[in-house]
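Reader: I would like a close look at one part of this model, followed by whatever else connects to it. Please keep the account plain.

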Amino acid sequence: IPAVPAVDFSQFGPVREEALSKIGKVTAANMQRSWLNVPHVTQYDDADVTDLEAFRASLKDEAARKGTKLTPLPFLLKACAVALKDNPKFNASLSADGESIIYKEYVHIGFAVDTPAGLLVPVIRDVDKKGLWELAEEVLELAALARDKKLKPAQMQGACFTISSLGALGGKGFTPIVNAPEVGILGVSKSSVQPVWDGSSFVPRTMLPLSVSYDHRVINGADGGRFMNQVVALLSDIRRLTL
Ligand code: CAO
């Protein structure tokens with residue numbers, strides 16, 4: 001690809017140069033590799049998380065007693081695990097020679113953690129087999145290890161899919177970059193109360209903006225639509241997570 005020309009910025013004003021961290025360099029290489037290899041498509045939707053948020057609020061004291069914290073992330077992990085099992089093309093990778101699709105019969109999900117040293121993606125194994133409390137604890141534990149730079153390589157390997165949650169920071173939507181050789185990634189933005197038409201009037205509902213990016217070599221738009229519809233349905237009625 002054509003190189004971006006080198007520019008001496010100091011000719012325009014004072015500058016400060018800082019070397020990229022090791023994590024920063026690895027992330028930059030991974031991002032460019034994914035961006036250049038994967039034909040990305042991103043689909044957007046909002047999930048009505050009014051009931052999920054009420055349920056989460058009702059568990060706040062219990063979570064504190066257990067010494068944990070139940071954010072929306074464990075629910076998102078659980079919803080993605082169900083959708084990955086029901087939409088196997090999302091739980092797959094293209095073989096290195098591009099000749100076949102490798103379907104995975106395990107459901108390991110990575111989640112992006114913003115650390116002072118850069119972006120790290122610890123992996124929770126067998127998300128489909130774990131409950132919300134267990135997932136909440138693992139998220140806290142792995143995020144703390146990531147921030148303390150204590151994650152072992154094995155704790156960052158083997159993901160089938162990634163969740164990138166910027167919900168605590170805000171924003172209405174973004175285009176996450178697939179973490180190849182995975183073929184899908186869910187971006188999560190900040191939930192907010194919106195007026196939603198219920199057929200006769202506008203009612204206040206808490207809506208969570210979601211974006212799913214996928215590798216169009218493996219996943220078609222209709223597959224993407226089905227995956228997103230299911231994630232939205234599961235988050236909008238969390239009783240479905242138990243089915
Ligand atoms: N909408 C509204 N509020 C949200 C939310 C959402 N989608 N997601 C989380 N929140 C709230 C939480 O409930 C929590 O609120 P309380 O403190 O009142 O309970 C608050 O935001 C902070 O949450 P958190 O960040 O501590 O926990 P989390 O489970 O949501 O996220 C982690 C954990 C590790 C994913 C997060 O800390 C993080 O690092 N996110 C950044 C990921 C990132 O950098 N992605 C980009 C990658 S590509 O460059």
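Which backbone nitrogen lies 2.9 Å from a polar atom of the side chain of Thr50?

Author: The model is a predicted one. The backbone nitrogen in question belongs to Thr206, and its partner is a polar atom of the Thr50 side chain, 2.9 Å away. Thr50 itself is part of helix α2. The side chain of Thr50 also makes a polar contact with the side chain of Asp48, at 2.5 Å. Thr50 therefore has a place in helix α2, a run that covers residues 50-58 and also holds Phe55.

Phe55 leads on to the aromatic pairs, of which a search of the whole structure finds five. One of them joins Phe55 and Phe75 in an edge-to-face arrangement, with 6.3 Å from centre to centre and 80 degrees between the planes. Because Phe55 is in helix α2 and Phe75 in helix α4, the pair ties together parts that are 20 residues apart in sequence. A pair of aromatic rings is described by the distance of the centres and the angle of the planes.

Next comes the ligand. Polar side-chain atoms of three residues can be listed with their distances:
- Arg147, 2.8 Å from an oxygen atom of the ligand;
- Ser164, 3.0 Å from a nitrogen atom of the ligand;
- Lys69, 3.4 Å from an oxygen atom of the ligand.

On its own the ligand exposes 970 Å², and the protein buries 70% of that area. Helix α4 (72-86) is among the elements that give two or more residues to the shell around the ligand; the others are β5 (113-115), α5 (132-147) and β8 (161-165). The ligand is surrounded by 21 residues, and the closest are Thr71, Asp114, Arg147, Ser189 and Ser191. Sorted by class, this shell holds 10 nonpolar, six polar and five charged residues.

The second largest pocket is a separate topic. Its volume is about 210 Å³. It is lined by 14 residues, and those closest to its centre are Asn37, Leu94, Ala180, Pro181 and Arg217. Helix α1 (residues 22-37) supplies the largest share of this lining, with three residues. The lining of the second largest pocket consists of six nonpolar, four polar and four charged residues.

Two of the residues closest to the pocket centre, Ala180 and Pro181, are joined by a cis peptide bond with omega of about 10 degrees. Pro181 sits in the loop between β8 and β9 (184-188). Another backbone feature is found at Asp126, which is not a glycine yet has a positive phi of about 50 degrees. Asp126 belongs to the loop between β7 (123-124) and α5. Both features stand out because most residues other than glycine have a negative phi, and most peptide bonds are trans.

Methods:
Residues numbered from 1 in each chain as written. Heavy atoms only, no water. 1 Å grid on protein atoms, 1.4 Å probe; cavity = no way out; pocket = protein on both sides within 12 Å on 5 of 7 lines; lining within 4 Å. Points joined across faces, edges and corners; volume = space filled by probe spheres on them. Helix = DSSP H or I, 4+ residues; strand = E, 2+ residues; numbered from the N terminus. Nonpolar A, V, L, I, M, F, W, Y, C, P; charged D, E, K, R; others polar. Near = heavy atom within 4 Å. Polar contact = N/O pair within 3.5 Å; in protein donor to acceptor, adjacent residues only side chain to side chain. Areas by Shrake-Rupley, 256 points an atom, 1.4 Å probe, with all protein chains shown as cover. Phe/Tyr/Trp six-rings, centres within 6.5 Å; stacked < 30°, edge-to-face > 60°.
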